[in-house]
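Open your viewer and get ready to click around. We'll go stop by stop: what to select, then what is there.

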Amino acid sequence: MTKEYLFTSESVSEGHPDKVCDIISDSIVDDFLSQENPENARVAMETLVTTNKVVIAGEVRGPEGYNCNYEELARNAVKEIGYEQDGFHWKNLSFDSSGVHSQSADIAMGVDASGNKDQGAGDQGIMFGYACKETPSLMPAPIYYSHKILELMASERKSGNTTGIQPDSKSQVTLKYKNGEPEICTKIVVSTQHDAELDQQAVSDLVIPLIKTVMPQEWMDNNTEILINPTGKFVIGGPDGDTGLTGRKIIVDTYGGAAPHGGGAFSGKDPTKVDRSAAYISRYIAKNIVAAGLADRCTLQLAYAIGVSEPLSIYVDTHGTSQIKDDDLIKKITDNIDLSPRGIRDHLSLHKPIYKKSAAYGHFGREPMTDGSFSWEKLDLAEKL
């Protein structure tokens with residue numbers, strides 16, 4: 001590893017067009033998982049948003065006679081985000097769900113359990129998990145603080161404590177590392193949609209105090225450069241300014257580029273899809289390895305084939321920070337966790353309507369909640385490992 005370097009990660013707010021789509025798609029997943037026998041629910045939902053329009057398409061399977069009110073879910077999600085603009089308004093937007101159809105029988109045959117066959121993976125793919133000691137949540141610091149800045153901005157906007165800021169925003173945090181540890185913050189960029197009457201200085205005056213509230217003060221000095229709305233103006237934004245699609249912010253959703261990504265998106269997918277569930281268990285395992293003191297950094301990869309219950313491969317890399325051989329770590333993992341799709345879903349209790357909360361500000365590095373949300377962030381495996 002280079003002894004001294006800069007590393008940057010970005011986040012986007014819940015009002016970013018792509019995140020609006022993720023939230024709508026996961027609202028639909030949660031609705032299906034709220035019905036009877038949620039383990040039988042199947043959802044693969046894509047959303048597109050543009051100027052005053054929401055389009056959804058995908059495949060679903062729910063209880064017999066169940067008709068999901070897709071339009072109500074979409075409008076409620078947009079309203080909760082806070083869009084009441086001429087170009088995108090929860091009440092006035094047009095809605096199209098004609099692209100939703102029943103799950104393919106061929107896919108169902110491979111995924112469902114039958115006879116002596118266990119539930120198989122919902123698709124082939126590779127999934128990565130990662131953890132490190134840079135933050136209390138064992139997440140890489142640049143993405144962790146990029147999320148926190150936008151979370152606070154959204155909270156202040158919704159509470160009315162900060163007025164003039166609109167839902168669409170992006171952040172970017174650059175940290176200088178020395179000997180693998182974050183040492184100083186060199187640059188922060190925040191671009192946020194705002195009311196037309198505010199100039200760049202007025203927006204800066206609103207945002208910079210929030211940034212300073214979030215960032216560790218020991219990382220900020222007179223050389224830290226903070227850029228607010230570098231273009232000078234950001235009035236037209238959200239889906240009116242840019243088309244959004246589900247699953248286009250997969251690096252924002254995970255580790256901000258500090259770890260590999262298998263390529264699969266999370267939002268809009270029920271937990272039979274290993275794109276989602278195996279990425280969650282990978283994070284869970286990597287985090288517990290670091291929390292157990294077995295390594296300072298850990299990258300874990302799982303690979304699956306559609307219709308096959310056991311992973312094709314398990315890979316662990318502790319980046320030279322562990323006294324234990326990586327092969328021995330793999331044995332500890334397989335001795336303690338069933339890595340079949342069913343085993344993952346049961347271990348993390350993933351058949352609950354818990355996914356809408358994860359659709360913005362990162363799927364990882366969050367606090368586990370009493371309703372089962374973010375169960376993959378628990379540290380209950382550390383002692384066993």
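Start by selecting His16, which sits in the loop between β1 (4–12) and α1. Those labels come from DSSP runs, numbered from the N terminus: helices are H or I runs of at least four residues, and strands are E runs of at least two. This is a predicted model, where local features need pLDDT of at least 70 and side-chain atom pairs count only at pLDDT 80 or more, while totals for chains, interfaces and linings use all residues. Residues are numbered from 1 along each chain as its sequence is written, and side-chain values use heavy atoms, with hydrogens and water left out.

Is His16 buried or exposed? His16 has 6% relative accessibility, so it counts as buried. Buried means under 20% relative accessible area, exposed means over 50%, and partly exposed is in between, using a 1.4 Å probe and protein chains only. Now show what touches His16: leaving aside neighbours within four places in sequence, you'll find Pro167, Asp168, Lys170 and Lys249. A contact here means heavy atoms within 4.5 Å. Add Ile81 too: it is 65 residues from His16 along the chain, and their C-alpha atoms are separated by 9.8 Å.

**Next stop: the four-stranded sheet**

Select β6, β3, β2 and β11, in that order: they make an open sheet with mixed pairing. Its edge strands are β6 (94–102) and β11 (244–245), each pairing on one side only. Two strands pair if DSSP finds at least two bridges between them.

Zoom in on β2 (residues 42–50) and β3 (residues 53–61), which run antiparallel and are joined by nine bridges. Click Leu48, and you'll see that its bridge partner in β3 is Val55. Helix α1 (residues 17–33) packs on this sheet, touching β2, β3 and β11, and its direction makes about 150° with that of β2. Axes are lines fitted to C-alpha atoms, for helices over the stretch in contact, and angles run from 0 to 180 degrees between N-to-C directions.

Back to the β2 and β3 hairpin: two residues lie between the strands, and Asn52 takes a positive phi near 45°. Over on the other side of the pairing, β3 and β6 are parallel, with seven bridges. There, Ala57 stands opposite Gly99 in β6. Bring in helix α2 (residues 70–81), which lies across β2, β3 and β6 at about 130° to β6.

**Next stop: a pair of helices**

Select α4 (residues 141–159) and α5 (residues 200–214). How do you describe a pair like this? Two packed helices are described by the angle between their axes and the distance between the axes. For α4 and α5, the angle is about 130° and the axes are 9 Å apart. The two helices are therefore oblique to each other; under 35 degrees would count as roughly parallel, over 145 as roughly antiparallel, 65 to 115 as roughly perpendicular, and the rest is oblique.

Show the side chains where they meet: α4 brings Tyr145, Lys148, Ile149, Leu152, Met153 and Glu156, and α5 brings Val207, Leu210, Ile211, Thr213 and Val214. By class, this contact has eight nonpolar, one polar and two charged residues. Ala, Val, Leu, Ile, Met, Phe, Trp, Tyr, Cys and Pro count as nonpolar, Asp, Glu, Lys and Arg as charged, and the others, Gly among them, as polar.

While you're in α4, click His147. His147 is buried, with a relative accessible area of 4%. Not counting residues up to four places away in sequence, His147 touches Ser11, Val252, Tyr361 and Gly362.

**Last stop: the three-stranded sheet**

Select β7, β12 and β13, an open sheet in that order with antiparallel pairing. β7 (125–132) and β13 (313–317) are at the edges with a single partner strand each, so one side of each has no neighbour in the sheet. From one strand to the next, the twist averages 15°.

β7 and β12 are joined by eight bridges, and Met127 stands opposite Leu302 in β12. Add α7, which packs on the sheet, touches β7 and β12, and makes about 30° with the direction of β7. Then add helix α8 (residues 326–336), lying across β12 and β13 at about 125° to β13.

Finish with α9 (residues 341–348), whose buried residues are Pro341, Gly343, Ile344, Arg345 and Leu348. They pack against α7 (274–291) and β12 (297–304). Just after α9, look for Ser349, with its positive phi of about 55°.
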